[in-house]
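Hi everyone, thanks for making time. I'd like to walk you through a structure that's probably new to most of you. Have a look at it first, and then I'll pick out a few spots.

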Amino acid sequence: MVNTSVELCGIRLDNPVIPASGTFGYGREFAELYDINCLGAFSIKGTTREPRFGNPGPRIAEAPGGLLNSVGLQNPGVDAVISRELPELARVYAKKVLANVCGFSVDEYVEVAARLDREDIVGWLELNVSCPNVHGGGMGFGTSCAGAAEVTREVKRAVKKPVIVKLTPNVTDIAAIARACEEAGADGLSLINTVLAMRIDPASRRPVLANVTGGLSGGAVFPIALRCVYQVYEAVSIPVIGMGGVRSARDVIELMLAGAAAVGVGAANLVNPYAARDIIAALPAEMQKYGIDNLEAVIGGAHNG
Ligand code: SIN
């Protein structure tokens, strides 16, 4: 009998697998397919103060080993999330969620985070300072130490629950941004968000995405995620949720060896809606294959010796 449980900022999870924000809706859709209480936790769709329709289409493009999205933070807004989505979710899900918070100003992050902080089902606030698909917000805050730190510091003043800052890989030195967030009071970090990318249609000679660029996710980005988690683990002492192209139980173990305390599953959910459930089911056998009894004990194991 192996032990798959891990702790994330003071909350114990049955296993480290967390469907990533934007790939799992508000949970309801997946609850129609399987009992989502098997998850360690999951992160809800990025939520802003006002409802957003997102970017014009096309906003999805295929790529070798993954896909590009330029959704543009489509979401119903924090009022609807609190009055409709979270109560619906509570009917089918007994665990905690990460509330993914987005904004176009520091005030917006603070207000949305403070409102979600009061919801019982919210265990952690995940500050999305890394969306590459919007202008004047998102990644705009996460590409500088000062911007990421300011959002973190102001939100921390306004909330009680653990704050996890979601980082972009689209920077020269992700470890420096991670350190700035830790110094500003972050309780944890999640990384990586998508990699800025594009496709061009040779027939029309135009970019495929209406927004020109989008974020690449899927198996192609897994080695980038692994490298980022490895570097950030060496730079900070707060827990890291590793994500980016995770498709298997072996990927979960690799990311944990790099330093992840928990692991996000993103694009894989879009290819196979049962992906997170299947990875959880495969974890015990994969652990036994590598002689692991206690999954938590492998965190950061690749840094030893
Ligand atoms: C989007 O809504 O554009 C994707 C969310 C993100 O990358 O943070």
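Okay, one bit of vocabulary before we start: a strand here is a DSSP run of E with at least two residues, and strands are numbered from the N terminus. Keep in mind, too, that what you're looking at is a predicted model.

With that in hand, let's go to Arg206, which sits in strand β13, residues 206-207. Is Arg206 buried or exposed? Its relative accessibility is 52%, and the cut-off for exposed is over 50%, so Arg206 counts as exposed. If you skip its neighbours within four places in sequence, Arg206 is in contact with Ile200 and Asp201. And here's a distance to look up on your screen: from Arg206 to Ala61 it's 13 Å, C-alpha to C-alpha, with their positions 145 residues apart in sequence.

Now for a buried residue. Asn15 is in the loop between β2 (11-13) and β3 (17-19). Its relative accessible area is 4%, so we call Asn15 buried. What does Asn15 touch, not counting residues up to four places away in sequence? The answer is Thr4, Ser5, Val6, Cys38, Leu39, Gly40 and Ile280. With Gly40 we can be more specific: a polar atom of the Asn15 side chain is 3.3 Å from the Gly40 backbone nitrogen.

Next up, the aromatics. There are five aromatic pairs in the structure. One of them is Phe24 with Phe42: the ring centres are 5.1 Å apart and the planes are at 55 degrees, so this pair is tilted. Phe24 is in the loop between β3 and α1 (28-31), while Phe42 is in strand β4 (residues 42-43), so the pair ties together parts that are 18 residues apart in sequence. Phe24 has a relative accessibility of 0%, so it's buried, and Phe42 is buried with 0% as well.

Phe42 has another ring partner, Tyr93, and that pair is edge-to-face, with 5.2 Å centre to centre and 65 degrees between the planes. Tyr93 is in the loop between α2 (78-90) and β7 (97-101), so to speak across the chain from strand β4, and the two residues are 51 residues apart. Tyr93 is buried, like Phe42. Put the ring pairs together and you get a cluster of Phe24, Phe30, Phe42 and Tyr93.

Phe42 touches plenty besides rings. Among its contacts beyond four places in sequence are Ile18, Pro19, Ile36, Leu89 and Leu98. It also turns up in the largest nonpolar core, which has 98 residues. Phe42 is one of the residues with the most contacts inside that core, a list including Ile36, Leu116 and Val165. Helix α7 (residues 222-235) gives the most to this core, with seven residues.

One more ring, quickly: the charged end of Arg277 sits over the ring of Tyr34, 5.7 Å from its centre.

Last stop, the ligand. Which residues surround the ligand? They are Lys45, Asn69, Val71, Gly72, Leu73, Asn128, Cys131, Pro132, Asn133 and Asn193. Three of those give us distances to ligand oxygen atoms: a polar backbone atom of Gly72 is at 2.8 Å, one of Leu73 is at 2.7 Å, and a polar side-chain atom of Asn193 is at 3.0 Å.

That's my tour, so over to you.

Notes. Residues numbered from 1 in each chain as written. Predicted model: local features only at pLDDT ≥ 70, side-chain atom pairs only at ≥ 80, totals over all residues. Heavy atoms only, no water. Helix = DSSP H or I, 4+ residues; strand = E, 2+ residues; numbered from the N terminus. Buried < 20%, exposed > 50% of the residue type's maximum accessible area, 1.4 Å probe, protein only. Polar contact = N/O pair within 3.5 Å; in protein donor to acceptor, adjacent residues only side chain to side chain. Contact = heavy atoms within 4.5 Å. Phe/Tyr/Trp six-rings, centres within 6.5 Å; stacked < 30°, edge-to-face > 60°. Lys NZ or Arg CZ within 6 Å of the ring centre and 35° of its normal. Core = buried A, V, L, I, M, F, W, Y, C linked by side-chain atoms within 4.5 Å. Near = heavy atom within 4 Å.
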